[in-house]
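Subject: Structure handover

Hello,

Please find the structure below, followed by notes on what was found in it.

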Amino acid sequence: MKKYDLIVIGGGAGGLTVAAGAASLGGKVALIEKEEQPGGDCLHFGCVPSKALIEIANRIKSARSLEEFGVHVSENIRMEAVMKKVKEAIDHIQVHDDADRFRKLGVDVYIGMGAFQSKNEVIINSGEIIVGKRIVISTGSRPFVPSIPGLKENGFITNETIFSISKLPKRLLVLGGGPIGIEMAQAMARLGSDVTVVERSDGVLGKEDEDVQQLMNDVLSKEMMLLYNANVKSIESGPNGKVVHLTVETAEQEISIEVDEILVATGRTPNTDKLQLNKANVQTDDRGHIKVNVRLQTNIPHIYAVGDINGTLPFTHVAGMEGKLVVQNALIGLRRKIDYSNVPWVTYTSPEIFHLGLTEAEAKEQGLDYDAYKVDLSEVDRFVTDHQTTGFVKIITDKKGHILGAHAIGKHAGDWMQEAVFSKQFKKKLGSISNVIHPYPNHSAAVQRTADAYWRKKLFEGFLPKVMERYIRWFR
């Protein structure tokens with residue numbers, strides 16, 4: 001049996017970060033990946049293909065909006081061409097995650113399913129067994145498919161299969177109003193599908209700030225049908241498609257919708273069921289996520305878990321962050337703790353949604369003494385010239401001006417809100433951004449204008465204005 005300093009099970013973002021980092025430091029590393037090429041969900045089914053599809057859909061929407069200038073665009077969408085462009089993006093990025101690249105780094109790459117044989121032994125494809133001093137689990141997650149009568153019998157698509165469709169569905173039902181569901185719903189609507197979103201709660205994007213949710217409801221309602229407090233009861237075959245029977249609690253009625261395709265986006269479930277965790281005595285929660293401590297160790301100290309599998313924040317950049325920390329802890333022996341308080345995320349709708357830290361509702365729930373500063377994008381000249389004024393910036397601070405949370409909606413908000421991430425992470429006060437020189441006109445001026453609002457509150461409210469008035473009179 002081959003012995004390794006570190007065995008990584010799963011070649012997604014977190015696993016690849018661990019494997020590359022550990023090998024670069026001189027560790028003897030094994031990487032086990034079930035697919036022919038690493039990259040995980042993000043590369044093959046998530047971040048990369050979805051953003052490529054969203055970009056194409058937004059271009060088509062923009063092209064159609066040029067009719068007022070005399071430019072006419074065909075309504076016929078060739079899905080084969082669309083998906084070809086998506087595949088090109090995947091292939092281009094795949095080079096960075098190619099198995100041979102890791103072999104050149106000195107990593108032994110095994111293609112197959114890895115499972116525990118004991119606390120230190122991993123069996124591959126029920127055959128070869130390898131031994132690891134440390135083991136990192138990074139097997140990710142897959143779409144959760146609810147138990148709805150008739151769903152499996154009549155067929156459905158998920159984020160893993162939508163990029164293989166060859167024909168644009170004229171009528172699309174999306175189950176779930178979270179980030180994945182809404183991103184795909186808007187993209188398909190912009191390509192030309194008649195989209196209906198079914199959400200069990202009273203709004204979409206439930207983890208966002210309430211102001212963000214309200215504005216996105218207005219934006220999305222113009223492009224698709226949104227059914228809130230709705231539950232699908234059953235699905236059956238109809239004369240011209242799939243008939244979905246559902247109840248809408250607020251309307252106290254049952255309705256039926258006929259669609260061509262159903263996209264299931266009702267959450268994710270961890271890929272722990274085939275790992276034989278019981279043979280290593282690794283503990284999971286009631287949803288199947290592997291329990292970890294602040295150092296990302298499981299209850300078995302030499303076994304770690306990163307990425308979606310541990311049930312924290314299901315983002316590629318978080319898996320990468322966790323992977324870097326695990327390399328230091330598992331291979332070098334440090335005892336660093338993970339900190340998620342400065343992790344931002346972006347929902348790639350149009351306009352984009354940026355999220356960092358606490359929402360205003362969360363600040364209230366925690367009983368914090370806070371201030372909230374909000375600037376509409378219609379007050380920022382660059383967005384006015386772009387004719388992209390839908391959106392705002394909202395930053396929540398403590399009374400000293402340190403950022404507790406930052407939220408934004410706007411074109412490419414995920415790019416121009418990075419000043420807020422820097423300020424929060426390095427404990428800079430919001431007011432410091434006001435003194436940064438921004439070229440005119442610039443999108444990030446939206447953040448600067450919000451920082452200006454902080455100074456206006458400090459300068460023109462409370463006792464300071466009276467003190468300044470007296471000083472100015474004395475100075476004269």
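To begin with a helix pair: helix α1 (residues 13-24) and helix α9 (residues 316-332) have axes that come within 7 Å and cross at roughly 35 degrees. Helices here (H or I, at least four residues) and strands (E, at least two) are DSSP runs, numbered from the N terminus. Axes are lines fitted to C-alpha atoms, for helices over the stretch in contact, and angles run from 0 to 180 degrees between N-to-C directions. The crossing of α1 and α9 is right-handed; a crossing has that hand if the near helix is turned clockwise from the far one by less than a right angle, and is left-handed if anticlockwise. On the α1 side the meeting residues are A13, G14, T17, V18, G21 and A22, and on the α9 side they are T316, A319, G320, G323, K324, V326, V327 and L331 (contact means heavy atoms within 4.5 Å). By type, this contact has 7 nonpolar, 6 polar and 1 charged residues. Ala, Val, Leu, Ile, Met, Phe, Trp, Tyr, Cys and Pro count as nonpolar, Asp, Glu, Lys and Arg as charged, and the others, Gly among them, as polar.

On the source: this is a predicted model, in which local features need pLDDT of at least 70 and side-chain atom pairs count only at pLDDT 80 or more, while totals for chains, interfaces and linings use all residues. Residues are numbered from 1 along each chain as its sequence is written, and side-chain values use heavy atoms, with hydrogens and water left out.

A second helix pair is α3 (residues 47-64) and α4 (residues 79-94), which pack at an angle of about 140 degrees with their axes 9 Å apart. That angle makes α3 oblique to α4 (under 35 degrees counts as roughly parallel, over 145 as roughly antiparallel, 65 to 115 as roughly perpendicular and the rest as oblique). The contact is made by V48, P49, A52, L53 and I56 of α3 with V82, M83, K85, V86, A89, I90 and I93 of α4. Its residues divide into 11 nonpolar, no polar and 1 charged. α3 passes α4 in a right-handed crossing.

Next, the sheets. An open antiparallel sheet has 3 strands in the order β11-β12-β13, where two strands pair if DSSP finds at least two bridges between them. Its edge strands, β11 (230-238) and β13 (253-259), each pair on one side only. Strands β11 and β12 (residues 241-248) are joined by 8 bridges, and V232 has L246 of β12 as its bridge partner. Just before this sheet, N229 lies in the loop between β10 (225-227) and β11; its phi is near 50 degrees, a positive value in a residue other than glycine.

Another open antiparallel sheet has 5 strands, in the order β17-β18-β21-β20-β19. β17 (344-347) and β19 (370-376) stand at its edges with a single partner strand each, so one side of each has no neighbour in the sheet. The twist from one strand to the next averages 10 degrees. Between β17 and β18 (residues 352-357) there are 4 bridges, and T347 is partnered with I353 of β18. P351, in the loop between β17 and β18, is joined to S350 by a cis peptide bond with omega of about 5 degrees.

A second cis peptide bond joins Y440 and P441, with omega of about -10 degrees. P441 is found in the loop between α14 (431-434) and α15 (445-460).

Regards
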